[in-house]
Amino acid sequence: MTRLCFFFNAICSKVIDPLKLDELENEAAILFCQLEMYFPPLFFDIMVHHLIVHLVREIKCCGPIYLWWIYLVE
């Protein structure tokens with residue numbers, strides 16, 4: 001869980017090093033596999049998969065999350 005917190009802290013920062021995005025994408029895949037060992041399969045719906053696996057790819061396309069994430073407005 002700590003690694004997951006570090007992952008979200010890295011992708012939610014205002015300054016993201018583009019060279020480390022590939023490393024973060026690999027880290028996301030490893031984290032997802034590690035979470036599958038501890039949580040039941042019902043925990044992993046499409047939203048959990050999207051947040052962990054595809055968020056780094058969206059950062060590559062759209063830029064830092066704080067610029068386009070809706071949760072800050074709500």
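A residue is called exposed here when its relative accessible area is over 50%, and buried when that area is under 20%. The structure is a predicted model, and these cut-offs are applied to its residues.

With those terms in hand, start at helix H1, residues 2-11. The face of H1 turned away from its buried side carries Thr2, Cys5, Phe6 and Asn9, which are exposed. The buried residues of H1 are Leu4, Phe7 and Ile11. These buried residues lie on the same side of the helix, because they cover an arc of only 60 degrees around its axis. The general geometry of helices gives the background: an α-helix has 3.6 residues a turn, so residues three or four places apart point the same way.

H1 also takes part in a contact with another helix. Arg3 and Glu27 form a salt bridge through their side chains, with an N to O distance of 2.7 Å. Because Arg3 belongs to H1 and Glu27 to helix H2 (residues 21-38), this pair ties together parts that are 24 residues apart in sequence. Arg3 has a relative accessible area of 37% and is therefore partly exposed. Glu27 is at 22% relative accessibility and so also counts as partly exposed, given that buried would require a value under 20%.

Next come the contacts between H2 and helix H3. Asp22 and Lys60 meet in a salt bridge, again described by their side chains, at 2.7 Å from N to O. Asp22 sits in H2 and Lys60 in H3 (residues 46-62), so the bridge ties together parts that are 38 residues apart in sequence. Asp22 is partly exposed, with a relative accessible area of 46%. Lys60 is partly exposed too, its relative accessible area being 41%.

A further salt bridge joins Glu25 to Arg57, where the closest N and O atoms are 3.8 Å apart. That distance still qualifies, because the cut-off for a salt bridge is within 4 Å. Glu25 lies in H2 and Arg57 in H3, and the pair links distant parts of the chain, 32 residues apart. Arg57 counts as partly exposed, at 42% relative accessibility.

The residues of the H2 and H3 contacts can also be taken together: Asp22, Glu25, Arg57 and Lys60 are linked in a network of salt bridges. Over the whole structure, a search finds four salt bridges, among them the Glu27 and Arg3 pair that connects H2 with H1.

Definitions and conventions
Residues numbered from 1 in each chain as written. Predicted model: local features only at pLDDT ≥ 70, side-chain atom pairs only at ≥ 80, totals over all residues. Heavy atoms only, no water. Buried < 20%, exposed > 50% of the residue type's maximum accessible area, 1.4 Å probe, protein only. Helix = DSSP H or I, 4+ residues; strand = E, 2+ residues; numbered from the N terminus. Arc of directions from axis to C-beta.
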